[in-house]
Number of protein chains: 2
Amino acid sequence: MAKDSPKEVLQPVDDAVRAEVRRMIAEARHAALATLQPGSGHPLVSRVGLATLEDGAPLIFVSALAAHTGALLADARCSLLVGMPGKGDPLAHPRVSILCKAAIMENGPDMAVARARYLAAHPKAKLYIDLPDFRFFKLMPLEASFNGGFGRASRLTSADLLSD
Amino acid sequence: MAKDSPKEVLQPVDDAVRAEVRRMIAEARHAALATLQPGSGHPLVSRVGLATLEDGAPLIFVSALAAHTGALLADARCSLLVGMPGKGDPLAHPRVSILCKAAIMENGPDMAVARARYLAAHPKAKLYIDLPDFRFFKLMPLEASFNGGFGRASRLTSADLLSD
C-alpha cells in the first residue's frame, strides 16, 4: 500500500477477484481492527464484530469502554483484516486488508438500517445492541490489499469493494 | 491502553489469567499484526504466521515483499491480536491485544533457535523458510490487554507474558 514499500508481484483485479473479496467482507462476522493509540500513535489491534451496509461498506459496533472506540474518535484512520484461515498453513488462506476511514453513525434512518443489518448478522447482539455505551461506525474503504495465498495478490480500490 | 481512553472495568491479573494468556500466545499459529504505513502513519493490519521464542515472546516470519515488513523496518512499533473466535458471538471468545516493539533477527545462534521453533510450529514453512526474501522478527511485548469475553478483562505487563 505504501508507495515506498517493496514491490509486490500483483495480479490485475478482475471480476472474479472483486466478487471473491466482496463476498469475504459480506460473510465475515468479525475482523481485526487496527487503530492508532491516542497520544502515542502506537498501532493497536483488536477484534470487532462486523456486518456490512447496503453498499458493502464494513459496519462495526463497538463499546465506548474499548480502546479502539476512543482511538477512532481521536483519529478516524483504521485498517480492517477480514478472512479466516482454515487447516494447514495459515498463510495459504485468503484474506484482505482494507485501509479505511471510520465515520461514527448518528441517530436517524441510516442508523436504523445499520442496527437492522447488524442484528441480522449477529442475532445474539440483541442482548446489548441498545445499551447506551455502544456506537456504530461505518468504515469507508480507501483501498485494499487482497492476499489469496502464495502467489495470488491484488490491490483493490474502494470502487472495487463497493456496489453502486 | 491509552491513559486518556475511557476506563474499562478491569479485573486483577492473577496466575490463572497469566497462564491463560501465555497459553493463548504459545498455541497461536497466526495473528493479526498492526503496523504503521511508512510516510502516512496510517494503521495497517495483516495476517502473519506466529510462533514463540523460549521466553514466550512472539516470533513472526515475514516476506520482504509484504507491506508489514517494510512498515516494521521503518517503525518498530506494532500490535498483535491473538485468539480465534469459535461458534456464537465472536466477541464472547477470549483474545489478547499485545503492544510490541519489533526487532529483526540477525544470523547467529538466536536465529537458529528461532528457525527451529518456527518450523516446529509450522512444518509446512519448510517450503519457504530458507528463501532469501524472508525475515524473522522478535516482537518484544510492552503491555497487553486481555479480553476474555463480556465482563472479563485485564491489563497485563510484559512480565506477565514472559517467563524468566
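**Exercise 1.** Through which surface do the copies, chain A and chain B, meet?

*Solution.* Keep in mind that you're looking at a predicted model. Start by listing the interface residues of chain B: 100% of them are also interface residues in chain A, so the copies meet through the same surface.

**Exercise 2.** Work out how chain B is placed relative to chain A.

*Solution.* Here's the general idea to begin with: two copies of a chain are related by a rotation about an axis and a shift along it. For this pair, a 180° rotation with a shift of 0.0 Å along the axis lays chain B on chain A, with an RMSD of 0.0 Å. The two copies are thus related as by a two-fold rotation axis. Want to find that axis on screen? Go to Ala34(B), whose C-alpha, at 2.8 Å, comes closest to the axis among the residues of chain B.

**Exercise 3.** Describe the fold of chain A, from its elements to its overall dimensions.

*Solution.* Count the elements: chain A has four helices and seven strands. Now read them off from the N terminus, and you get α-β-β-β-α-β-β-α-β-β-α. Next, the dimensions: the C-alpha trace spans about 45 × 35 × 35 Å along its principal axes. A compact globule of 164 residues would have a radius of gyration near 15 Å, and the 16 Å of chain A agrees with that. Finally, 54% of the residues of chain A count as buried.

**Exercise 4.** Decide which side of helix H1 of chain A holds its buried residues, and which residues are exposed on the other side.

*Solution.* First, locate the helix: H1(A) covers residues 15-27, so to speak 13 residues, and reaches 18 Å from its first C-alpha to its last. Then pick out its buried residues, which are Val17(A), Glu20(A), Val21(A), Met24(A) and Ile25(A). They cover an arc of only 130° around the axis, and that puts them on the same side of H1(A). Turn to the other side and you'll meet the exposed Asp15(A), Ala16(A) and Glu27(A). One last detail is the N-terminal end, capped by Asp14(A): one of its side-chain oxygens lies 3.1 Å from the backbone nitrogen of Ala16(A).

**Exercise 5.** Is Ser46(B) buried or exposed, and what does its side chain make a polar contact with?

*Solution.* Find Ser46(B) in strand S2 of chain B, residues 43-52. Its relative accessible area is 14%, so Ser46(B) is buried; the cut-off is under 20%. Its side chain makes a polar contact with the side chain of His68(B), at 2.6 Å. Leaving out residues up to four places away in sequence, Ser46(B) also touches residues of both chains, including Leu81(A), Ser97(A) and Leu33(B).

Terms used: Residues numbered from 1 in each chain as written. Chains lettered and ligands numbered in written order. Predicted model: local features only at pLDDT ≥ 70, side-chain atom pairs only at ≥ 80, totals over all residues. Heavy atoms only, no water. Least-squares fit on C-alpha atoms with pLDDT ≥ 70 in both. Contact = heavy atoms within 4.5 Å. Helix = DSSP H or I, 4+ residues; strand = E, 2+ residues; numbered from the N terminus. Expected span 1.5 Å × (residues − 1). Buried < 20%, exposed > 50% of the residue type's maximum accessible area, 1.4 Å probe, protein only. Arc of directions from axis to C-beta. Polar contact = N/O pair within 3.5 Å; in protein donor to acceptor, adjacent residues only side chain to side chain. Rg over C-alpha atoms; globule rule 2.2 N^0.38 Å.
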